[in-house]
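Here are a few exercises to work through with the model open beside you. Try each one before reading its solution.

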Amino acid sequence: MEIRKAELLNVREVWKSEPRNFTKWLADNIDFLNGNLEFSLNVIETEKQIGSFNVDIYCEDEQGERVIIENQLEKTDHTHLVQILTYTVGIDAKTVIWITPEPRVEHTEVFEWLNEVTPVDNCWYLFQLEVIKLNDTSVSPLFTKIVGPSQVIKNRGNEKKEVAESNHSRFQFWETLLEQLNNNTPTYRNVSPTMDNWLNAGTGIGGINHCIIVRRNDTALQLIIEKKDTEWNKMIFDYLHSFREEIEREFGEKLIWRRMEEKKSSRIRFDMTDCTLDHSSWENGIPLLVNRFLKWQSALEPYLKLVGEKTWK
């Protein structure tokens, strides 16, 4: 058997016109495309009118869900992308298939993104169309899937949505907390809400900061001791630790003292579960957090003042 390199033809040599030739041929020979899908399509109508536009091929899949096919015999363009989105909304299609001999990178990325962010039952396919010459009288179409849905892609999209939702929740949390906190203490008045899970404010001593942390299941107050010199950090921590009983008595609860021997910085910490990133906990939890921070600040302030007055050598 002779083995030789396949000869690729320009698709326009086979189908002169997209609507009159290629669309009609594909509608009559949909099995060529079905062989490259995980399901079978049943053609319902060609040039189906959607508002003032016509979708090339309107189909249904095996479950009776609506599918649209948009064909191009040239490089993908923004006009067809907008038409595809219009058709999708117009007939509430669950699956979209775009066929072209030249998929642009930008449009490939759009379809990848659509597979990530749309619901799990929405599927976006981009196929590259090529034609192989078999002999002097016959050719074979080749449909190569460039983009298609997968569980991995959908999971990645869900993860991104969760991150975006968490970022939005954190920003709202800090807005709500700062509004109440700033009515009671000036410590955080020059601090703006962020999408981070922590928010720092100065103590008046360089390298020593208050930190409030919010997570899904709890919140925390921290004093971060992080000057440039590791030895100073440990000395300051030890000095504050020598007043542990007094500080905890004033605060009213036990604290977590973390010298962190192998790290440059040291921490004093208090965890609470009354307030979390869950919006339903904010009504009662944020006032409790504000109250705890005021006690925290009051308990530490006299000893931080001593730290600021002390010469560290």
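The exercises below cover cysteines, helix packing, one buried threonine and two loop residues.

This is a predicted model, in which local features need pLDDT of at least 70, side-chain atom pairs count only at pLDDT 80 or more, and totals for chains, interfaces and linings use all residues. Residues are numbered from 1 along each chain as its sequence is written, and side-chain values use heavy atoms, with hydrogens and water left out.

**Exercise 1. How many disulfides does a search of the whole structure find?**

Step 1: Start with the criterion, a pair of cysteine sulfur atoms within 2.5 Å.
Step 2: Take Cys123, where the closest cysteine sulfur, in Cys59, is 14 Å away and so too far for a bond.
Step 3: Do likewise for Cys211; its closest cysteine sulfur belongs to Cys275 and is 14 Å off, too far for a bond.
Step 4: The search of the whole structure gives zero disulfides.
Step 5: Check the surroundings, taking buried as under 20% relative accessible area, exposed as over 50% and partly exposed as in between (1.4 Å probe, protein chains only). Cys123 is buried at 17%, and Cys211 is buried at 5%.

**Exercise 2. Describe how helix 4 and helix 5 pack.**

Step 1: Locate the helices, which are DSSP runs (H or I, at least four residues) numbered from the N terminus, as are strands (E, at least two). Helix 4 spans residues 78-91 and helix 5 residues 105-117.
Step 2: Read the geometry from axes, lines fitted to C-alpha atoms over the stretch in contact, with angles from 0 to 180 degrees between N-to-C directions. The two axes come within 11 Å and cross at roughly 20 degrees.
Step 3: Classify the angle: under 35 degrees is roughly parallel, over 145 roughly antiparallel, 65 to 115 roughly perpendicular and the rest oblique. Helix 4 and helix 5 are therefore roughly parallel.
Step 4: List the contacts (heavy atoms within 4.5 Å). His78, Leu81, Ile84 and Leu85 of helix 4 meet His107, Val110, Phe111 and Leu114 of helix 5.
Step 5: Sort them by class, with Ala, Val, Leu, Ile, Met, Phe, Trp, Tyr, Cys and Pro as nonpolar, Asp, Glu, Lys and Arg as charged, and the others, Gly among them, as polar. The contact of helix 4 with helix 5 has six nonpolar, two polar and no charged residues.

**Exercise 3. Now set helix 7 and helix 8 against helix 9.**

Step 1: The axes of helix 7 (residues 230-241) and helix 9 (residues 282-309) come within 10 Å, crossing at roughly 140 degrees. That angle makes helix 7 oblique to helix 9.
Step 2: Ile236, Tyr239 and Leu240 in helix 7 touch Tyr303, Leu304, Leu306 and Val307 in helix 9. The classes here are seven nonpolar, no polar and no charged.
Step 3: For helix 8 (residues 244-251), the axis comes within 8 Å of that of helix 9 and crosses at roughly 150 degrees, which means helix 8 is roughly antiparallel to helix 9.
Step 4: On the helix 8 side, the contact residues are Glu246, Ile247, Glu250 and Phe251, while those on helix 9 include Arg292, Lys295 and Trp296. This contact divides into six nonpolar, one polar and four charged residues.

**Exercise 4. Is Thr23 buried or exposed?**

Step 1: Find Thr23 in helix 2 (residues 18-28).
Step 2: Its relative accessibility is 1%, so Thr23 is buried.
Step 3: Leaving aside neighbours within four places in sequence, its contacts include Thr46, Asp56 and Asn71.

**Exercise 5. Examine the backbone at Asp92 and Met260.**

Step 1: Asp92, in the loop between helix 4 and strand 5 (95-100), has a positive phi of about 55 degrees although it is not a glycine.
Step 2: Asp92 is partly exposed at 49% relative accessibility.
Step 3: Met260 lies in the loop between strand 11 (256-258) and strand 12 (266-272); its phi is positive, about 55 degrees, and Met260 is not a glycine.
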